[in-house]
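Me: Please present the structure below, so that its ligand site, helices and loops can be discussed in turn.

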Amino acid sequence: MNFTGAHIVSIDQFERPDVEAIFAVADRMQPYALRKRVTRVLEGAILGNMFFEASTRTRISFGSAFNLLGGEVRETAGFDNSALVKGESLQDTARVLSGFSDVICMRHPVAGSVADFALASRVPVVSGGDGANEHPTQALLDLYTIRKEMADRGRSITGLKIAMIGDLRHGRTVHSLGKLLCLYTDVEVVLISPEKLSLPEGIVELMRNSSIKVTHYDDLLEGIVDVDIVYSTRIQEERFPNKREADLYRGKFRLNQAIYTEFCQPNTVIMHPMPRDSRSDANELDCDLDNNPNLAIFRQADNGVLVRMALFAMVLDVVDSVDAHSHDVRWFNARQN
Ligand code: NCD
């Protein structure tokens with residue numbers, strides 16, 4: 001695909017070479033994300049970062065990625081602080097904001113809303129998640145992480161067996177990741193969820209049609225025995241009609257070190273889009289896993305900045321000028337990696 005000026009709203013847009021191209025650019029962003037070098041390539045550019053739904057890492061990760069390329073960030077967080085509460089349409093917001101911005105990132109609780117917003121925007125729009133539908137940049141950073149973690153183990157994406165665990169019905173990250181995996185061959189996906197929270201049939205069908213072998217379990221311990229990756233997810237409480245219903249599923253798929261040692265293969269990579277729900281009745285990834293070197297969740301979040309830098313550089317067509325506008329950092333760098 002041609003990335004210049006493109007909206008990024010769904011994994012459906014990508015072919016495999018597009019994904020490989022994003023990953024190759026993301027690799028090149030490492031010195032900037034690690035504060036070894038500074039680039040000013042997007043000096044003067046403005047990101048409109050508009051999050052109409054709760055977010056910590058995605059919003060800050062988009063903003064940091066843009067700042068690391070030398071651009072400025074203007075943002076709004078939550079419905080209550082936006083003109084949407086005054087009855088403004090998303091299209092009007094898009095028309096106005098795209099007059100002030102060079103690119104817009106947007107998260108909204110309604111499925112399809114980011115694509116609708118993009119139709120009225122005069123600048124590229126990158127989705128930060130639209131309701132229970134998709135979260136394309138998260139899937140890209142997830143697959144980038146999988147690729148990196150497996151490369152360290154002398155493996156590639158091809159031939160992997162990946163367990164997706166938890167609320168697969170409402171979890172937009174697994175929807176996008178499921179679609180993304182369809183671009184790869186010889187991949188096996190193990191879906192571990194209660195029947196009522198299973199992955200939407202349309203995505204399962206896409207995976208089957210693309211030759212992914214799909215199996216289902218509702219028991220965590222049966223499902224995780226011989227997988228390379230466990231990708232755990234949070235019960236998406238905010239998508240249930242009421243909290244009581246979400247409570248029925250909370251805490252059903254807890255992974256801790258004892259379970260990992262007994263049931264997982266020794267080098268199984270542990271992933272989660274985060275936030276992990278660490279409340280005692282949920283505790284989906286126990287803190288006793290924090291010293292397990294296979295816990296990749298913080299490396300995964302770090303990778304989000306690289307992938308988002310790559311997307312901004314590609315959409316704004318500056319990939320080949322990033323290094324030309326760079327210099328070494330001048331300040332003390334406490335981060336060793
Ligand atoms: C996810 C999301 O918002 O879909 N978080 C994220 O962006 N990393 C997952 C979640 O909220 O459970």
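The exchange that follows takes up the ligand site, then helices, then loops.

Reply: This is a predicted model, in which local features need pLDDT of at least 70 and side-chain atom pairs count only at pLDDT 80 or more, while totals for chains, interfaces and linings use all residues. Residues are numbered from 1 along each chain as its sequence is written, and side-chain values use heavy atoms, with hydrogens and water left out.

Me: Which polar side-chain atom lies 2.8 Å from an oxygen atom of the ligand, that is, in which residue?
Reply: The residues around the ligand, meaning those with a heavy atom within 4 Å of it, include Arg107, His135, Arg172, Thr173, Arg234, Gln236 and Pro273. Thr58 also belongs to this set. The polar side-chain atom at 2.8 Å from a ligand oxygen belongs to Thr58.

Me: How far is a nitrogen atom of the ligand from a polar backbone atom of Met274?
Reply: A nitrogen atom of the ligand is 3.2 Å from an N or O atom in the side chain of Gln138. Such a pair is judged as a polar contact, defined as two N or O atoms within 3.5 Å; within protein, one must be able to donate a hydrogen and the other to accept it, and residues adjacent in sequence count only if both atoms are side-chain atoms. For the polar backbone atom of Met274, the distance to a ligand nitrogen is 2.9 Å.

Me: What percentage of the ligand's accessible area does the protein cover?
Reply: On its own, the ligand has 310 Å² of accessible area, computed by the Shrake-Rupley method with a 1.4 Å probe; for residues, only the protein chains shown count as cover. The share of the ligand's area covered by the protein is 94%.

Me: In which pocket does the ligand sit?
Reply: A pocket is an open set of points on a 1 Å grid over the protein atoms alone, where a 1.4 Å probe fits, with protein on both sides within 12 Å along at least five of seven lines. A molecule sits in a pocket if more than half of its atoms lie within 2 Å of its grid points. By this criterion the ligand occupies the second largest pocket.

Me: How many residues of helix H6 are buried?
Reply: Helices (H or I, at least four residues) and strands (E, at least two) are DSSP runs numbered from the N terminus. H6 comprises residues 136-151 and reaches 22 Å between its first and last C-alpha, close to the 22 Å expected, the expected span being 1.5 Å times one less than the number of residues. Buried means under 20% relative accessible area, exposed over 50% and partly exposed in between, with a 1.4 Å probe and protein chains only. H6 is mostly covered, and of its 16 residues the number buried is 13.

Me: How far apart are the end C-alpha atoms of helix H3?
Reply: The buried residues of H3 include Thr58, Arg59, Phe62 and Leu68. H3 is followed by Gly70, whose phi is positive, near 95°. The 12 residues of H3 (residues 57-68) should span 16 Å, and this agrees with the end-to-end C-alpha separation of 15 Å.

Me: Which side chain is joined to that of Ser113 by a polar contact of 3.2 Å?
Reply: Ser113 is found in helix H5, residues 113-120. Ser113 counts as buried because its relative accessibility is 4%. The side chain at the other end of the 3.2 Å contact is that of His108.

Me: What is the omega of the peptide bond from Met274 to Pro275?
Reply: Both Met274 and Pro275 lie in the loop between E10 and H12. Met274 counts as buried because its relative accessibility is 16%, and its phi is positive, near 65°, in a residue other than glycine. The bond from Met274 to Pro275 is cis, with omega near 5°.

Me: Is Ser280 buried or exposed?
Reply: Ser280 is located in the loop between strand E10 (269-271) and helix H12 (297-315). Its C-alpha is 8.3 Å from that of Gly251, with their positions 29 residues apart in sequence. Because the relative accessible area is 65%, Ser280 is exposed.

Terms used
1 Å grid on protein atoms, 1.4 Å probe; cavity = no way out; pocket = protein on both sides within 12 Å on 5 of 7 lines; lining within 4 Å.
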